[in-house]
Amino acid sequence: MDIHLRILELSLDAKTWIEYILEQTRQSMQNNGSAEMTDVASGVHRLDEKIEQMKKLLTEYMPQPLVTGSRQYNNLALAQEDFRNDDGYPSETLLGKYYAVGDGGSGYDIQFFTRDLYQRTLKDHPEWQIVELSK
């Protein structure tokens, strides 16, 4: 099958699972029940399968990390610059903020944290530098 058609197919499948996860989460919030959370978890699992299939399909096109360590950016300035230049990152969100997370030794990643996740990450990883990113 043509790679473009396969990408389109996987993307549409992933979009369907994202919509499913959002709907089940809304229902769970309205019903204050955990029954829908099982459905959310199943939807996330299926979405992960689609993403892994997409990664395998696009392996030869994916850029390699900039560093030899486990992080995407080898310094904070590169993470900040990439965040500012990438239109895919919104400058403001209602649920949380974007941060550069890591250290000078292993590099930095761009991650999205809610307030609770930010606090938990600070507590669980005091050795990490967590810098709020803005446009």
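The protein chain carries 14 positive and 22 negative side chains. The centres of these two sets lie 3 Å apart. The model is predicted.

**Overall build**

The protein chain has four helices and three strands. Along the sequence they follow the pattern α-α-α-β-β-α-β. The C-alpha trace spans about 45 × 40 × 25 Å along its principal axes. Of the 135 residues, 24% count as buried. The accessible surface of the protein chain comes to about 9,600 Å². Carbon and sulfur atoms account for 53% of that surface.

How far apart in sequence are the residues that touch? Take the contacts between residues at least 6 apart in sequence: 56% of them join residues at least 24 apart.

**The sheet**

The three strands form an open sheet in the order β2-β1-β3, and the pairing is antiparallel. Strands β2 (107-114) and β3 (129-132) stand at the edges. Each has a single partner strand, so one side of each is left without a neighbour in the sheet. Neighbouring strands of this sheet are turned by 30° against each other on average, direction ignored. Strands of a sheet pair through backbone hydrogen bonds, either parallel or antiparallel.

Strand β1 covers residues 96-103 and pairs with β2 over eight bridges, in the antiparallel sense. β1 and β2 form a hairpin, with three residues between them. β1 also pairs with β3 in the antiparallel sense, over four bridges.

Which residues face each other across these pairings? The table gives some of them, each with a residue of β1 in the left column.

| Residue | Residue opposite | Strand of the residue opposite |
|---|---|---|
| Y98 | F112 | β2 |
| Y99 | Q111 | β2 |
| A100 | I110 | β2 |
| Y99 | E132 | β3 |

Y99 appears twice. Its bridge partner in β2 is Q111, and in β3 Y99 stands opposite E132. In a regular strand the side chains alternate between the two faces of the sheet.

Is β1 enclosed or open? Six of the eight residues of β1 are buried, so this strand is largely enclosed by the rest of the structure.

**Helices on the sheet**

Two helices lie across the three strands. Helix α3 (residues 76-85) lies across β1, β2 and β3. Helix α3 runs at about 50° to β2. Helix α4 also lies across β1, β2 and β3. The angle between α4 and β2 is about 135°.

**T121, in helix α4**

T121 sits in helix α4, which covers residues 115-124. Is T121 buried or exposed? T121 is buried, because its relative accessible area is 8% and the cut-off for buried is under 20%. Which residues does T121 touch, leaving aside its neighbours within four places in sequence? T121 is in contact with F113, W128 and I130. F113 falls within β2 (107-114), and I130 within β3 (129-132).

**N85, in helix α3**

N85 belongs to helix α3. N85 counts as exposed, because its relative accessibility is 56% and exposed means over 50%. N85 and K135 are 50 residues apart along the chain. Their C-alpha atoms are separated by 8.3 Å.

**K15, in helix α1**

K15 lies in helix α1 (residues 3-31). K15 counts as partly exposed, at 46% relative accessibility. This value falls between the two cut-offs, under 20% for buried and over 50% for exposed. Where does L47 stand relative to K15? The two residues are 32 residues apart in sequence and 8.5 Å apart in space, C-alpha to C-alpha.

**In short**

The sheet has the order β2-β1-β3. Helix α3 lies across its strands, and so does helix α4. T121 in α4 is buried, N85 is exposed and K15 is partly exposed.

Definitions and conventions
Residues numbered from 1 in each chain as written. Predicted model: local features only at pLDDT ≥ 70, side-chain atom pairs only at ≥ 80, totals over all residues. Heavy atoms only, no water. Buried < 20%, exposed > 50% of the residue type's maximum accessible area, 1.4 Å probe, protein only. Contact = heavy atoms within 4.5 Å. Areas by Shrake-Rupley, 256 points an atom, 1.4 Å probe, with all protein chains shown as cover. Lys, Arg positive; Asp, Glu negative; His and termini not counted. Charge placed at Lys NZ, Arg CZ, Asp CG, Glu CD. Pairing = 2+ DSSP bridges. Axes fitted to C-alpha atoms, helices over the stretch in contact; angles between N-to-C directions.
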